[in-house]
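Here are my notes for you to read with the model open beside them. Please take the points in order and look for each element as it is named.

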Amino acid sequence: MTTHSLPSSVLVVGASRGIGLELVRQYRDEGVRVTATARDTTGLQALTALGAQALRIDVAKTASVSGLAWQIDGEAFDLVVVNAGVYGPRLRTLDTPGDLDFDQVMHTNVLGPMRVIPQLLDALAPGARVVFLSSVMASIGGRQQSTGWLYAASKAALNSVMKDVSLALADRATCIAVHPGWVQTAMGGPQAPLSVEESVTSLRSTFARLGPSDNGRFLNHDGTPQPW
Ligand code: NDP
C-alpha cells in the first residue's frame with residue numbers, strides 16, 4: 001500500500017456494527033477486498049450482505065481465535081484494523097470493578113489483540129498497516145479529568161500492546177493506535193459529536209497517509225498526534 005493509496009486487501013476484526021461495520025461498508029463501496037470478523041450469526045450476515053468475507057471470531061476467547069491463521073491462509077492484508085472493544089460497566093472512578101467485568105473488558109480490549117496479532121503474522125503484506133482502535137481515555141500524560149476508569153485502564157494497556165507489536169514488526173509493518181473521536185455508536189451514544197460515517201471517512205484518510213515514520217504512534221482520527 002503506497003502513501004495516499006487505497007489498500008487492496010483489508011481485515012477488520014470486530015466488525016458486526018458501529019465503526020467496524022462502517023469501515024467494511026466504505027472500503028467495499030470503493031471495491032476493496034474485505035475480510036471481516038463477527039462473533040455471532042447476525043454480525044456475520046451483516047458482513048456477508050456487504051460483500052465481505054466473514055469469519056466468526058470472539059476475541060475474548062483463545063479457542064475462538066486459535067483457528068484464525070488457518071482461516072486466512074494465503075491472504076496478504078495490507079491493512080488490518082483491530083477494532084473489537086467493549087466499554088464494560090459505567091463505573092465511577094474509585095468504584096471497584098467486579099471480577100467478571102474486569103475479565104470481560106481486559107479479555108476483549110487487551111488480550112484480544114494479543115491473541116489476534118500472532119495469528120496474522122503470515123498474512124501481512126510487506127509494508128502492511130496495523131491499526132488498533134484505542135481511545136483518548138487511554139492518554140495518561142494528557143488526562144485532564146478522570147473518566148473511564150476500567151475502560152481507560154484497558155485502552156492504556158492496549159497502547160502498550162500496540163507499542164510492543166510496533167517494535168516487533170518494525171521491519172515489515174507500520175502499527176498505530178488511533179482515537180476515532182467521540183462517535184455515535186452503541187458505545188459512544190447518540191450525543192456524540194461525530195457520526196460513524198464522519199469518523200470512518202477521517203480514519204480511512206489517515207490510514208491512507210500512514211508510512212513507516214508513523215510506526216508506534218498514537219494518533220487522532222484526523223492524523224494529529226494524541227498525547228500518551
Ligand atoms: P460498538 O459497541 O458499536 O461496537 C463494538 C464492536 O466490537 C462490535 O462489532 C462488537 O461485536 C465487537 N466486539 C465486542 N466484543 C467482542 C468480542 N469479544 N469479539 C469480537 N468482537 C467483539 O463500538 P464502536 O464501534 O463505537 O467502537 C469500536 C472501537 O472504537 C472500540 O474498540 C472502542 O473502544 C473504540 N472507541 C470508540 C469510541 C466511540 O466514541 N464510539 C471512542 C473511542 C474509542 P458484537 O456485535 O458481537 O458485540
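1. In this predicted model, seven strands form an open sheet, and following the sheet from one edge to the other gives the order 3-2-1-4-5-6-7, with parallel pairing. Strand 3 (53–56) and strand 7 stand at the edges, and because each has a single partner strand, one side of each is left without a neighbour in the sheet. Neighbouring strands of this sheet are turned against each other by 20° on average, with direction ignored. As background, strands of a sheet pair through backbone hydrogen bonds, and the pairing may be either parallel or antiparallel.

2. Is strand 1 (residues 9–13) enclosed by the rest of the structure or left open? Five of its five residues are buried, so strand 1 is largely enclosed by the rest of the structure. The covering applies to both faces, since S9, L11 and V13 on one side are buried, as are V10 and V12 on the other.

3. The partners of strand 1 can be traced on either hand. Strand 1 is joined by four bridges to strand 2 (residues 33–38), and the two run parallel, while strand 1 also pairs in the parallel sense with strand 4 (residues 77–82), again over four bridges. A useful residue to find is V10, which stands opposite V34 in strand 2 and opposite L79 in strand 4. The path from strand 1 through helix 1 to strand 2 makes a right-handed β-α-β unit.

4. Helix 1 deserves a second look when you turn to the ligand. Helix 1 (residues 18–29) gives the most to the shell around the ligand, contributing three residues. In total 31 residues surround the ligand, and the closest are G18, A84, G85, T185 and G188. By character, the residues of this shell divide into 15 nonpolar, 12 polar and four charged.

5. Further along the sheet, strand 5 (residues 124–133) and strand 6 (residues 173–179) pair in the parallel sense over six bridges. Two of the partnerships are easy to locate: A128 has A173 as its bridge partner in strand 6, and V131 has I176. Helix 7 (residues 150–168) lies across strand 5, strand 6 and strand 7, and runs at about 165° to strand 6. Strand 5, helix 7 and strand 6 together make a right-handed β-α-β unit.

6. Which residues of strand 6 point one way, and which the other? A173, C175, A177 and H179 point one way, whereas T174, I176 and V178 point the other way, and all of them are buried. Strand 6 is accordingly described as mostly covered, with seven of its seven residues buried.

7. The step from strand 6 to strand 7 should be checked carefully for its handedness. The two strands pair in the parallel sense over four bridges, and A177 stands opposite F218 in strand 7. The chain crosses from strand 6 through helix 8 to strand 7, and this β-α-β crossover is left-handed, whereas the unit made by strand 5, helix 7 and strand 6 is right-handed.

8. The connection leading into strand 7 also contains G211, which is placed in the loop between helix 8 (196–209) and strand 7 (217–220). Is G211 buried, partly exposed or exposed? G211 counts as partly exposed because it has 13 C-beta neighbours inside 10 Å, and a residue is called exposed if it has 12 or fewer. The C-alpha atom of G211 is separated by 22 Å from that of P113, a residue 98 positions away along the chain.

9. Two loop residues call for a check of their backbone angles. Most residues other than glycine have a negative phi. L94, although not a glycine, has a positive phi of about 80°, and L94 lies in the loop between strand 4 and helix 5 (99–109). W149, which is not a glycine either, has a positive phi of about 55°, and its place is in the loop between strand 5 and helix 7. As for their surroundings, L94 counts as exposed because it has 7 C-beta neighbours inside 10 Å, while W149 is partly exposed, with 19 other C-beta atoms within 10 Å. A residue is called buried if it has 20 or more such neighbours, so the count of 19 leaves W149 in the partly exposed class.

How values were computed
Residues numbered from 1 in each chain as written. Predicted model: local features only at pLDDT ≥ 70, side-chain atom pairs only at ≥ 80, totals over all residues. Near = placed C-beta within 6 Å. Nonpolar A, V, L, I, M, F, W, Y, C, P; charged D, E, K, R; others polar. Pairing = 2+ DSSP bridges. Axes fitted to C-alpha atoms, helices over the stretch in contact; angles between N-to-C directions. Contact = placed C-beta atoms within 7 Å. Right-handed = clockwise from strand over helix to strand, strands pointing away.
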